[in-house]
Every structure is written in C-alpha cells, then in structure tokens.
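User: Please take a close look at one loop, and then work outward from there to the other parts that can be described with some detail. I would like the numbers kept with each statement.

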Amino acid sequence: MEQKYVIKGGNPLVGEVVIGGAKNAALPVLAAAIMTDGCCHIDNMPNVRDINVLLQAMEGIGAGINRVNENEVVITGKGMEADGIVDNEYIRKIRASYYLIGALLGKFRKAQVVLPGGCAIGARPIDQHIKGFEALGANVVIENGMIKAEAERLIGTHIYMDVVSVGATINIMMAASRAEGNTVIENAAKEPHVVDVANFLNCMGADIRGAGTDVIRINGKESFGNCEYSIIPDQIEAGTFMTAAAVTKGDITVKNVIPKHLEAITAKLVEIGAEVQEFDDAVRVVATKRLKPTQIKTLPYPGFPTDMQPQMAITLALSEGISVITESIFENRFRYVDELTRMGAKIQVEGNTALITGVEKYTGAEVSAPDLRAGAALVIAGLAAEGITQVDSIGYIHRGYEKFSEKLRELGGQIQLVETEKELQKFILQVG
Ligand code: EPZ
C-alpha cells in the first residue's frame, strides 16, 4: 500500500506550532551557495523532500555539502568544475532545479540543467528566465530535455520582465550578481523570498539593492566569500496552520513567523470573522463560530498568495454564504475541487474562478492530494470533517511540509501516516 494519511476529524486544533524555514527561499539560497569558493553556513533550512533532492544534485556536480543537522548545512562551491551536468531522476521532478542555471551561469559562464518539473499546477513556462540570461549575454538552447546556457562574458544590462515571476527574478538576480557592471531588473517580483535571496547573496559579497520593490539594482562582483545565514520563516506553512485554526474552530498560536509577511492572509481571516492577534514573531488565530464568505483573487506579493488558495478555499467552503475565488497566477490550481466535493463541499469551477457555496460540515472520504498545497488543504479539511478521511499521494505534501502530521498531532489532531492496511485498520479501531 502506498503511504497515506488517515484522519479522524472533529477536534478543534488548539495549542502552539513552530514554523520552519521557507522552502521557496531555501531552494534558491542553497543553489546560490555554490557560487562561492568560501563556506556558507545556512540554518533554519526546512528538512523537506525538495530541499534534499536539490542538495543531492548539488553534490552530484561537485559542491561540498556538510549536513550539520536536519536544519543546518555548510556548503562550498570550491573545487567544482565548470562542466557539471545537473540531471538525475529526482531533480527532474522539482521546479527549483532551474536555480542552478543562474548560479552556474554566474559562476562558470556555463550551465547544463535538466528542464524543471514541479507540481502540475499549470503550464509554468521559463521564457522570462531565458530572456534575462540572454539579455546578460548568454546563448541559451533547449536540447534533449536540457537547458544549456553559455556566455563568453556576462554583461550587466537593463531587463524589463513581461510577467512578475518569482523564479525568473531570483534566477536573473543570481546570474547578474556575477556579471560585469550594473544590471537593473524592472517589474521584479517582491515576495519575501526574493528579498531573502538578495540578502543571502549580499552576505556572500554581492551588491544588490531594491529587492522587495519592483526595481532591483545589481552591481556585479567577481567573487564571493564566506557567509552565515538563517532562512526566513515559511509564510505558507504559517498560513496553512492559521487556516487550520479557522477551519476546525480552534485556537492556534503560530510561532517563529514574520507577521508582516502574513498580512494578506491575516486580513482575509479577520474579514471572515476569525480573531487574529499579532505578536513580534507569532500570530494567534482563534475561531469560535461559523465564518463568513468573501472574495479572493490571487496576486503576486503583497497580494493574496496563490500558494494559500486551496487552504482558504477549504475554509470558505464551510462558511455561511457564497464566496468567489479567482486564481490569476496558475491556470490549473483547482484540481482539489473534485476531491473536496467528495467530502461534501459545493464548489463550481468556471475557468479560473471557483464559486463556493458554504456547507455546514465535511464528511470523511478517500481523497488524493493533487499537489503540495492542495494536499495540505485536504488534510486540514479531513481534520474538520465528521468521520474518517484518507488522503493518498502524500509524497506531494512531504515536498514542502516538515513533520506535518507530527505538528498537527501536537495540536490535538487525530492523524496518522500509515503504510499498510493493518496500520490503517488499527488507527480506525483506536479512534473508534
Ligand atoms: C514559485 O514558482 C514557487 N515555487 C511556487 O510555489 C509559487 O506558487 C510561485 O512562485 C508563485 O508565488 C518555487 O519557489 C520553487 P513564478 P515559480 O515564476 O517561480 C508565469 C509551492 O506550492 N511565468 O512566480 O515557478 C507563470 O506561468 C509552489 O510551493 C511565465 O509566464 O512561479 C505564472 O503564471 C508551487 N514565464 C507566473 O508567471 C516565466 O518565465 C508566476 O510564476 C516564468 C513564469
């Protein structure tokens, strides 16, 4: 039997949870670390599948990786050779492999990386990455499933991004940090993880200003040195637990967060009637009654994050009235709707819009995680549902959530990872 989560719903989740480092900041930070010949000591790294796959691929091209513990690593790019080819069966499945193009191109003026995979949430083109590398002077070709980028010289330039892209902004920023002269990226993404990567590059010796605004200015440097760095907290993991409090009518204090990064999520939860208290590095979410409906449109930061869309949908599908969610970043991010319908939700999808008619309760069902965030959302729905829910394809969830079931159990959730029919039946007997 494939691993799955089995859940007995109905308990309000109550207590404290500590949030780990941001996966989507850690991936480019780790990739960028190969650009130095010094040593980078990085902590608050999430111990999740995508991170481990990336570290393995980096080792495969000669980077020195010393895992100090689950959440701490020392990386050096010393001794790496320019001809490393990034390809193995695992790296093909993750999106962040593309960050090694920017890092290798910046350092060696040459990169060969397998085309990126990742969650099937839409077409996910990389034209903006390529446009940026070409503007810096690289020749980029796609051949036999590989991206090959090469440049005699990388020369700073002015780049206007046609779409706001987190990945392209970071990738171009990495390559440009080692180009000759000045680069300006306009219409840049402003997500907290873009700022985190800029801070990390600056810590290694880069000269980047303006990250967090839509114009980033980069003065290229010839080499990088040592750096000690701590990854920012994961705003999406935090948001997931915030909605878990709202959906289960619980009371959760989410610790080790930057409340400013959570503002879009906090504002929506307050709007629908949850109570949110902000502290210096924590937020507490309390929900005591049935919540109200609202309208949400996903947008680049500081708008409402697409990575929180499914978690908010499962919250609204239990609210009293009709809500509308418009997904404007990825066209295929409503694949969880069929699964949630099996649990009793009433959602109609038309193009990139979901019309949600709130129901009073979910009932347990067998569902499948279609991608990372939707998988986490279905687990939370299961914790709010009447009866037993089984969630399979949970490999997706492990790509981005560390100790997910353990953290939920500490909050009073009845959830177990099972691998055999016997374990499944034992859990069902235990919870009655
Ligand atoms: C990152 O994906 C995240 N992934 C995603 O996290 C997240 O959903 C997304 O940013 C948006 O916040 C990683 O960081 C590894 P984009 P990315 O480039 O970089 C279009 C999760 O669950 N576009 O900002 O791939 C694109 O199609 C996930 O953790 C182009 O048209 O996203 C999309 O509509 C899944 N051309 C929009 O831009 C390009 O060259 C934003 O994509 C690049 C993107």
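Analyst: Pro 302 lies in the loop that runs between β18 (295-297) and α9 (309-316). The model is a predicted one. In that loop, the peptide bond from Tyr 301 to Pro 302 is cis, and its omega is near 10°. As a rule, most peptide bonds are trans, and most residues other than glycine have a negative phi.

Two further loops hold backbone angles to note. Lys 249 sits between α7 (235-247) and β15 (251-255). Its phi is near 50°, a positive value in a residue other than glycine. The relative accessibility of Lys 249 is 42%, so this residue counts as partly exposed. Asn 256 belongs to the loop between β15 and α8 (263-271). The phi of Asn 256 is also positive, near 65°, and this residue too is not a glycine. Because its relative accessible area is 29%, Asn 256 is partly exposed. A positive phi is found as well at Gly 62, which follows α2 and has a value near 100°.

Helix α2 can be checked for length. It covers residues 49-60, and at 1.5 Å a residue its 12 residues should span 16 Å; the end C-alpha atoms are 17 Å apart, so the model agrees with the expected span. The buried residues of α2 are Asp 50, Ile 51, Val 53, Leu 54, Leu 55, Ala 57 and Met 58. Among the elements that cover them are the helices α1 (23-33), α3 (99-108) and α12 (395-400). Strands β4 (64-69), β5 (72-76) and β6 (85-86) also take part in this cover.

Next, the cysteines. The structure holds one disulfide. Its partners are Cys 203 and Cys 227, with sulfur atoms 2.1 Å apart. The torsion about the S-S bond is about 110°, so the disulfide is right-handed. Cys 203 lies in helix α6 (residues 192-204) and Cys 227 in strand β14 (residues 227-230), so the bond ties together parts 24 residues apart in sequence. The two ends fall into separate accessibility classes: Cys 203, at 30% relative accessibility, counts as partly exposed, while Cys 227, at 4%, counts as buried.

Cys 40 is in no disulfide, and the nearest cysteine sulfur to its own is that of Cys 227, 5.0 Å away. With a relative accessible area of 0%, Cys 40 is buried. For Cys 39, the closest cysteine sulfur is the one in Cys 40; the gap is 7.5 Å, which is too far for a bond. Cys 39 counts as partly exposed, because its relative accessibility is 40%.

The model also contains a ligand, and 23 residues surround it. The closest of them are Tyr 98, Gln 128, Ser 165, Asp 307 and Ile 329. Three polar distances can be listed. A backbone N or O atom of Gln 128 is 2.7 Å from an oxygen atom of the ligand. In the side chain of Asp 127, an N or O atom lies 2.8 Å from a nitrogen atom of the ligand. A polar side-chain atom of Asn 24 is 3.0 Å from a ligand oxygen atom. On its own the ligand has 830 Å² of accessible area, of which the protein covers 89%.

The last part is helix α10 (residues 337-342), which contains Asp 338 and also Glu 339. Asp 338 is exposed, as its relative accessible area is 58%. Glu 339, in contrast, is buried, with a value of 12%. A polar atom of the Glu 339 side chain lies 2.8 Å from the backbone nitrogen of Ser 368. Leaving aside residues up to four places away in sequence, Glu 339 touches Val 367, Ser 368 and Leu 378. As for Asp 338, its C-alpha atom is separated by 46 Å from that of Asp 83, and these two residues are 255 residues apart along the chain.

Notes. Residues numbered from 1 in each chain as written. Predicted model: local features only at pLDDT ≥ 70, side-chain atom pairs only at ≥ 80, totals over all residues. Heavy atoms only, no water. Disulfide = S-S within 2.5 Å. Helix = DSSP H or I, 4+ residues; strand = E, 2+ residues; numbered from the N terminus. Buried < 20%, exposed > 50% of the residue type's maximum accessible area, 1.4 Å probe, protein only. Expected span 1.5 Å × (residues − 1). Contact = heavy atoms within 4.5 Å. Near = heavy atom within 4 Å. Polar contact = N/O pair within 3.5 Å; in protein donor to acceptor, adjacent residues only side chain to side chain. Areas by Shrake-Rupley, 256 points an atom, 1.4 Å probe, with all protein chains shown as cover.
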